[in-house]
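Hello,

Here is the structure to be handed over. My notes on what was found in it follow below.

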Amino acid sequence: MTVEADIVPSRSKVSAALPSIPWLMLPTLVFIVFAFGWPLLYLLRMSFNIHPAQGIYVEAWSLQNYLVVMTEPNMLAMIGRTIYISLVTATVTVVAAFFFAQFVWLREGRNKVMLLAIAIAPMLISEVSVIIGWRMFFPSNGLLSYALISTGLSDQKVNLLGTQIAAIVGLSYISISYCFFSILSVLNGIDRNLLTASGDLGASPLRTFFTVLLPLSKGGIAAAFTQAFVFTMGIYATTNALGPDSLWTMPYEIQLQMLTRRNWPMAAAISVVLIAIIAATALVAQWLRHRKASSHA
Amino acid sequence: MLEDRAFGYLHRAFAAIFILYVLVPLGITAVMAFSDDNVIRFPIRGFSGRWFAQFFNDAQWINAAWNSLHIAVLTAFMSMILALPASYALANGKKARPVLQTLLILPLFVPGVVLGISVAMALGSVSLFGYDLFGSKFLVACAHTLWALPLAITVLVPTFETLDKSLMEAAGDLGAPPLKAFFNVIMPVAMTGIVSAGLFAFITSLNEFIMALFLTTRETQTLPVMLWLSLRSSATPQIAVASFVLAASVFTAVGLAYVWYGLSRRGKK
């Protein structure tokens with residue numbers, strides 16, 4: 001796998017050290033085809049196979065699995081739930097990330113570095129550690145319940161583990177750093193004097209926020225929202241370990257079909273539908289951005 | 001002005017809540033890891049290091065930790081071997097660049113569970129030279145590289161872009177073969193980017209557990225996979241210790257890179 005060996009000095013002596021570009025890309029492209037392209041094609045092919053009563057799959061060209069995913073009420077409810085929890089999580093995450101990014105944007109120096117370090121922390125922690133952390137916070141013998149009782153805010157134990165709130169808190173933790181940096185990079189491009197000018201001209205802070213800051217940072221907010229939505233669509237560990245059992249999402253069903261039911265074709269079909277939803281979201285977001293960009297020009 | 005100040009306080013209060021939100025899972029794990037109790041519960045009745053002792057004497061946890069480290073090093077190594085030439089080419093090429101870069105970023109947007117089952121289905125039954133891919137650390141590292149490679153490329157392309165193009169030409173004119181020119185001229189200048197890219201790849205692999213869940217056997221299980229599998233069965237602070245060790249390894253890696261960065265900057269002055 002020595003890649004640099006592919007560098008062939010082909011042109012004049014002056015450019016002898018300039019490697020020829022396609023050769024340098026080759027190892028990466030071979031790897032992507034082998035470890036990404038081929039498995040995804042295999043997945044697509046698998047989704048048309050049939051799951052027999054005994055065994056894992058029989059080769060076929062059938063639309064049976066897709067028919068089940070797209071028409072069975074259980075499956076449709078599951079797709080709806082996945083989209084719902086991802087939309088709620090993305091909204092909460094973007095709002096929180098925006099206000100914190102705005103807070104950091106307005107600071108300087110050492111404080112700012114500290115705040116940036118805090119904002120990057122969720123990105124460095126494994127999803128499983130996030131889950132374990134919140135599982136010590138939410139249950140009736142966890143920190144939240146203890147804090148509420150010892151401050152007198154509650155007179156009995158409180159259990160939030162297994163609720164949608166716990167699921168959303170955990171899910172948003174996973175994409176919040178990415179959202180934060182998307183929004184901060186857009187804010188960094190805005191002249192802070194605009195806010196002062198708006199205030200000097202008599203606009204209230206709320207008015208400045210809605211008519212100056214928000215329109216200027218729309219692009220970053222949209223990118224962050226798409227990112228959070230797409231990430232959340234693919235997560236099942238956090239949803240499953242912190243949320244209620246009824247919060248049964250597509251990725252969870254995929255691993256269930258794969259590991260427990262041994263129904264590979266069905267796991268593949270649900271995966272293809274999940275990828276299609278993610279791709280559609282990304283394309284719509286891209287299209288909206290381009291339309292906006294061209295209307296401004 | 002009064003209104004201004006009110007919003008200022010509100011913003012501060014919000015930031016405080018946000019900081020608390022980020023620190024709660026970390027702090028709670030660090031505290032619980034040192035609990036002396038037999039179960040996870042608050043208030044903590046006493047502190048001791050006995051769960052750490054138990055962790056480091058448990059062959060299965062230690063084996064999982066070593067597996068994680070092996071796979072993460074392998075992932076970082078593979079990502080760098082692939083990303084260095086590819087990023088260099090992308091930074092210097094113009095024509096096909098947007099298409100190629102988009103193609104290389106794609107795996108980041110595919111959920112881990114989908115990548116995990118796809119790789120398990122397509123490559124799980126393959127053997128190379130009589131060596132079964134399924135359950136091997138190599139296959140897990142390949143899957144992790146799918147996420148680590150785009151991250152590495154995203155860091156490295158801008159690094160190579162800012163380099164002076166004439167460096168390579170000058171080295172060539174002075175008679176250095178391309179490989180030598182790359183290692184002796186380009187690498188030292190781009191070292192900060194290269195270290196960050198490698199660090200990203202390493203951390204990504206160390207933390208990932210969904211793909212690994214579908215691709216490992218009991219022998220090759222990684223630390224986060226074992227954590228996930230014992231999440232419901234274990235109610236002792238042991239799990240907090242394991243989670244603490246995982247997070248501490250990541251922060252140690254980041255810390256080391258930071259120290260290296262500080263030293264190399266001082267060396268230049």
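**Notes on the model**

Apart from residues up to four places away in sequence, A:Ile118 has contacts with B:Ile19 and B:Val22. This residue belongs to helix α4 (residues 109-124) of chain A. A:Ile118 counts as partly exposed because 19 C-beta neighbours lie inside 10 Å, where 20 or more would make a residue buried. Between the C-alpha atoms of A:Ile118 and A:Ser177 the separation is 9.3 Å, with these positions 59 residues apart along the chain.

Please keep in mind that this is a predicted model.

**Confidence**

For the complex, the predictor reports an ipTM of 0.90 and a pTM of 0.89. Chain A has a mean pLDDT of 88, with 91% of its residues at 70 or more. Within chain A, the mean pLDDT is highest, at 95, in helix α3 (residues 73-105) of chain A, and lowest, at 85, in helix α8 (residues 193-200) of chain A. Residues 1-6 of chain A have a pLDDT below 50, and this stretch makes eleven contacts in the model beyond near neighbours in sequence. Residues 8-17 of chain A also stay under 50 in pLDDT, and the model gives them 17 contacts beyond four places in sequence. Where pLDDT is low, the predicted coordinates should not be read in detail. For chain B the average pLDDT is 88, and 98% of the residues score at least 70.

**Interface**

How many residues of each chain are in contact with the other chain? On chain A there are 68, in contact with 69 residues of chain B. The element that gives the most to chain A's side is helix α1 (residues 21-46) of chain A, with 15 residues. By residue type, the side of chain A that touches chain B consists of 56 nonpolar residues, eleven polar and one charged.

B:Ala247 has contacts in both chains: leaving out residues up to four places away in sequence, it touches A:Ile125, A:Ser129, B:Leu26 and B:Thr29. B:Ala247 sits in helix α12 (residues 238-268) of chain B. With 25 other C-beta atoms within 10 Å, B:Ala247 is buried. The C-alpha atom of B:Ala247 is 18 Å from that of B:Gln221, and the two residues are 26 apart along the chain.

**Chain B and the core**

Chain B contains twelve helices and two strands, in the order α-α-α-α-α-β-β-α-α-α-α-α-α-α from the N terminus. The C-alpha trace of chain B spans about 75 × 70 × 35 Å along its principal axes. Chain B has 269 residues, of which 45% count as buried. Taking contacts in chain B between residues at least 6 apart in sequence, 75% join residues at least 24 apart.

The largest nonpolar core comprises 157 residues, and A:Ala97, B:Ala83 and B:Ala152 have the most contacts inside it. Helix α3 (residues 59-92) of chain B contributes 17 residues to this core, the most of any element. Beyond four places in sequence, the contacts of B:Ala152 are B:Ser79, B:Met80, B:Ala83, B:Ala197, B:Phe200 and B:Ala201.

**Two helices of chain B**

Helix α5 (residues 112-123) of chain B has twelve residues, which at 1.5 Å a residue should span 16 Å, and its end C-alpha atoms are indeed 16 Å apart. Is α5(B) mostly covered or mostly exposed? It is mostly covered, with twelve of its twelve residues buried. Among them are B:Gly112, B:Leu115, B:Ile117, B:Ser118 and B:Leu123.

Helix α8 (residues 178-189) of chain B also has twelve residues; from first to last C-alpha it reaches 16 Å, close to the 16 Å expected. Its buried residues are B:Pro178, B:Ala181, B:Phe182 and B:Ile186. Seen down the axis of α8(B), these fall within an arc of 95°, so they line one face of the helix. The buried residues of α8(B) pack against α7 (166-173) of chain B. On the other side of α8(B), the exposed residues are B:Phe183, B:Asn184, B:Met187 and B:Pro188.

Regards

Conventions. Residues are numbered from 1 along each chain as its sequence is written. Chains are lettered from A and ligands numbered from 1 in the order in which they are written. This is a predicted model: local features need pLDDT of at least 70, side-chain atom pairs count only at pLDDT 80 or more; totals for chains, interfaces and linings use all residues. A nonpolar core is a set of buried Ala, Val, Leu, Ile, Met, Phe, Trp, Tyr and Cys residues joined through C-beta atoms within 7 Å. Helices (H or I, at least four residues) and strands (E, at least two) are DSSP runs, numbered from the N terminus. Two residues are in contact if their C-beta atoms, placed from the backbone, lie within 7 Å. pLDDT is the predictor's confidence in each residue, from 0 to 100. Ala, Val, Leu, Ile, Met, Phe, Trp, Tyr, Cys and Pro count as nonpolar, Asp, Glu, Lys and Arg as charged, and the others, Gly among them, as polar. The expected span of a helix is 1.5 Å times one less than its number of residues. The arc is that of the directions from the helix axis to the C-beta atoms.
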